[in-house]
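Here's an informal walk through some side-chain contacts and a surface feature. Have the sequence and the 3D view open as you read.

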Amino acid sequence: MAAVPKGSEAPAPIIIKRVKKGGHAHHGGSWKVAFADFATAMMAFFLLMWLMGATDEKQKGAISEYFNNPSAIAGASTVPSPTAIQGPGGSSTSMIKLGGGMELYKDPSPEAEPTPPSPGAQTDVTPDEALKLAEKLDQERLEGLLGQLKDAIDQRETLAKFKDQILLDVTPEGVRIQIVDHERRSMFPSGSAVLESYSANILTELSGIVNSVPNRVSISGHTDIRPYVKVNYSNWELSADRANAARRALIVGGLPAEKIGRVVGLASSVLLDAHAPDSPLNRRISIIVMNKRTEDAISQENGALFSVQDPGAAPLDSVPAEGAAQPQPVAAVH
């Protein structure tokens with residue numbers, strides 16, 4: 001090497017680096033096996049959860065009981081008898097304690113209430129029980145009808161305008177609808193059996209509601225105590241003719257004629273306001289949607305209608321006020 005003159009700096013050495021490029025080392029596929037095991041375990045877990053959700057408490061209890069006693073014979077077990085190799089260091093002879101399994105089996109979820117038998121199904125019902133059931137259903141049907149009538153009187157314009165003239169109550173015969181005269185508005189012209197237009201509209205409106213139940217109907221006409229002066233024609237004939245006029249109006253409104261079970265004229269024998277016998281309230285048409293007992297009594301045609309009442313019950317079509325007149329024999333119109 002040549003000598004470097006004194007006072008001058010030596011040049012920096014040149015360093016050359018050579019990098020050898022090569023392929024990456026193989027990482028292996030062990031992670032794929034681990035992921036496959038994890039996916040299988042999760043699938044098994046969700047399958048188990050689905051099966052547990054599809055079983056009821058009784059089935060869960062039976063499964064738990066199987067693990068406590070896998071034998072098909074109650075009280076027997078398939079656990080092998082102890083041997084020399086069993087015990088400490090060997091296989092255990094005790095069953096796994098599942099905890100709460102027996103409680104699930106002994107205390108299953110409450111069973112659903114039995115559904116009522118369908119119509120026509122064979123059941124062990126005595127005739128008396130069948131009669132009581134029929135009367136109960138009939139009573140519920142009439143109670144529903146009473147609710148419909150009250151709603152209609154409040155909501156329908158044809159009836160709401162005259163709600164002060166429409167009275168509803170329940171008698172031993174059934175649901176009673178009474179249309180009474182107003183002091184300034186009568187259902188019929190004086191001494192006539194021809195309905196005023198508004199009263200005919202009321203009866204037409206009521207006929208559709210009454211026809212919603214299969215029960216038959218009884219119609220009775222009433223007058224006040226003032227006598228009707230005409231040869232061979234009295235309040236008895238007038239009240240009966242007015243009852244028949246109401247019958248015709250109901251039929252025009254859609255009530256089938258065969259659902260009319262009785263039409264009677266009571267004249268002034270059953271006053272609504274006994275303290276004022278000449279009050280317009282006593283002039284009225286009474287429509288009774290009859291219960292089954294009354295229908296049966298009428299169909300027998302034995303004149304024992306009053307026998308359907310319980311002892312001590314108020315007289316039919318009775319007056320709620322004190323001193324009400326007792327019913328008198330009625331003039332039936334066929």
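A charge sits over a ring if NZ of Lys or CZ of Arg is within 6 Å of the ring centre and within 35 degrees of the ring normal. Keep in mind that you're looking at a predicted model. Arg185 gives one case: its charged end sits over the ring of Tyr198, 5.8 Å from the ring centre. Another is Lys230, which lies over the face of Tyr233 at 5.1 Å from the ring centre.

**Rings meeting rings**

How many aromatic pairs does the structure hold? There are three. Phe45 and Phe46 make one of them, edge-to-face, with 5.5 Å centre to centre and 70° between the planes. Phe46 counts as exposed because its relative accessibility is 51%, while Phe45, at 40%, is partly exposed. Tyr228 and Tyr233 also pair edge-to-face, at 5.4 Å centre to centre with 65° between the planes. Here Tyr233 is buried, with a relative accessible area of 19%, and Tyr228 is partly exposed at 24%.

**A greasy stretch of surface**

Phe45 and Phe46 turn up again in a nonpolar surface patch of about 960 Å², alongside Trp31, Phe35, Phe38, Met42, Leu48, Met49 and Met52. Met52 has its place in helix H1 (residues 30-53) and is partly exposed, at 36% relative accessible area.

**Salt bridges**

Side chains of opposite charge can pair when their charged atoms come close. The count here comes to eleven salt bridges, including these:

| Pair | Closest N to O |
|---|---|
| Arg141 and Asp138 | 2.9 Å |
| Arg156 and Glu205 | 2.9 Å |
| Asp224 and Arg226 | 3.0 Å |

Arg141 and Asp138 are both in helix H4 (residues 127-155), three residues apart, or about one turn of the helix. Asp138 is buried at 4% relative accessibility, whereas Arg141 is partly exposed at 33%.

Which parts of the chain does the bridge between Arg156 and Glu205 link? Arg156 is in the loop between H4 and helix H5 (157-160) and Glu205 is in helix H6, so the pair links distant parts of the chain, 49 residues apart. Both partners count as partly exposed, Arg156 at 36% relative accessibility and Glu205 at 23%.

As for Asp224 and Arg226, Asp224 is buried, with a relative accessible area of 4%, and Arg226 is partly exposed at 48%. Salt bridges with shared partners join these two with Asp181 and Arg283 into one network.

**Back to H6**

The 14 residues of helix H6 (residues 197-210) should span 20 Å at 1.5 Å a residue, and the end C-alpha atoms are indeed 20 Å apart. Among the buried residues of H6 are Tyr198, Ile202, Leu203 and Leu206.

Conventions: Residues are numbered from 1 along each chain as its sequence is written. This is a predicted model: local features need pLDDT of at least 70, side-chain atom pairs count only at pLDDT 80 or more; totals for chains, interfaces and linings use all residues. Side-chain values use heavy atoms; hydrogens and water are left out. Rings of Phe, Tyr and Trp (its six-membered ring) pair if their centres lie within 6.5 Å; planes under 30 degrees apart count as stacked, over 60 as edge-to-face and the rest as tilted. Buried means under 20% relative accessible area, exposed over 50%, partly exposed in between (1.4 Å probe, protein chains only). Patches are made of residues with over 30% relative accessible area and no salt bridge: like charges are joined within 9 Å, nonpolar side chains (Val, Leu, Ile, Met, Phe, Trp, Tyr) within 5 Å. Accessible areas come from the Shrake-Rupley method with a 1.4 Å probe; for residues, only the protein chains shown count as cover. A salt bridge is a side-chain nitrogen of Lys or Arg within 4 Å of a carboxyl oxygen of Asp or Glu. Helices (H or I, at least four residues) and strands (E, at least two) are DSSP runs, numbered from the N terminus. The expected span of a helix is 1.5 Å times one less than its number of residues.
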